[in-house]
Amino acid sequence: MKNSVVQSLHPAYFSMVMATGIVAIAAWFLEFKGISLILHYLNMAFYLALLAMLVARIFFHGKAIIADLLDYQRGPGYFTFIAGTAIVGNQLVIIENALFYAKILLWVALAAWVLITYSFFVVITIKENKPTLDKGINGAWLVIIVSTQAVSTLMSTLAPDQPFGEFSIFVAMAFYMVGAIMYIYIMSLIIYRLSFFSLKPDELGAPYWINMGAAAITTLAGSRLILNIDIDTPMGDFIPFLKGFTFFYWSASTWWIPLMLILGSWRHLFKKVPLPISPQGYNVGYWGMVFPLGMYTVCTFLLSEALNLPFLKIIPIYFIYIPFVIWMAVMTGFTRHQIQKIKTK
């Protein structure tokens, strides 16, 4: 099958689903119901189209799949499929209360998490020719944490409607803990890479916003657990720990925002890297900038409920406009980029 679009599909393209889905959820929580529904149904179309392309790529371009999995830069992109699937599941619960379809997506995300996580880590462990740290790791690796916490979030969201709800909470808690410790492991390597190796302006792109996004989705996963754990069950003993640990990750995600804004200004204003709104400036990595901004909006909203701190909601009430604007900018760049590709054929 000769299809250059399918063959060259970037593994990280499900970040488009992640970004659109989380902005739809943020809009729903903050009473922008019309915008939320538009983004929700648009994201269903994105997910189904990308899923069809991924399946076609698996069947007809298996060598390209394997080559990507062996690549330290492109390989982590497969984790966006897990996160995108789980976020679509969360959309279905929150916006449509479509529990049956959300449960199916949870099982798909779980199966994909097991397959992709262990395949990727086995491959990079036994691979003989390995890149140096500065060539091998970037912010995109934190999608590993995002995918883990997305599964945890969907599982705990569905737990009240499961026949084994307490067991579901237990497993969701385990995923939360794995994601939390993996953030510390991988973030340490990324900070080392940022601090002690040279970095070109075009390298310091949107994927590094996942530094904030991974901490934000860990906050979201913890908040969901706090809200859904029955205090009268044995799992209720974890709530005080969860409150402190979840606030810890929210503080970390908040710390990243000013730094990323400063570095982004340096990149675009002083180094003249094109903005994502232009067809030349667009690349799939910019969806990795939209997602953290939408996630920070949602996680702060739910953290205010989990910790019973109403004053925190002032942040998402105003912050929501930032992911709205950035989503529009990246979507404009994506559309113009696709039109330009069609014209050049």
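Q: Before we begin, what do buried and exposed mean here?
A: Buried means under 20% relative accessible area, exposed over 50%, and partly exposed in between, with a 1.4 Å probe and protein chains only. This is a predicted model, in which local features need pLDDT of at least 70, side-chain atom pairs count only at pLDDT 80 or more, and totals for chains, interfaces and linings use all residues. Residues are numbered from 1 along each chain as its sequence is written, and side-chain values use heavy atoms, leaving out hydrogens and water.

Q: Is Asn308 buried or exposed?
A: Asn308 is exposed, because its relative accessible area is 61%.

Q: And where is Asn308?
A: Asn308 sits in the loop between helix 12 (287–306) and helix 13 (314–319); helices are DSSP runs of H or I with at least four residues, numbered from the N terminus.

Q: What about the phi of Asn308?
A: Phi of Asn308 is positive, about 55 degrees, although Asn308 is not a glycine. Most residues other than glycine have a negative phi.

Q: Now Glu31: which loop holds it?
A: Glu31 lies between helix 2 (15–29) and helix 3 (33–60). Its phi is also positive, near 70 degrees, and Glu31 counts as exposed because its relative accessibility is 59%.

Q: Changing topic, what does Phe291 touch?
A: Leaving aside residues up to four places away in sequence, Phe291 touches Met18, Ala19, Ile22, Ile87, Val146, Ile210, Gly213 and Ile217. Contact here means heavy atoms within 4.5 Å.

Key:
Helix = DSSP H or I, 4+ residues; strand = E, 2+ residues; numbered from the N terminus.
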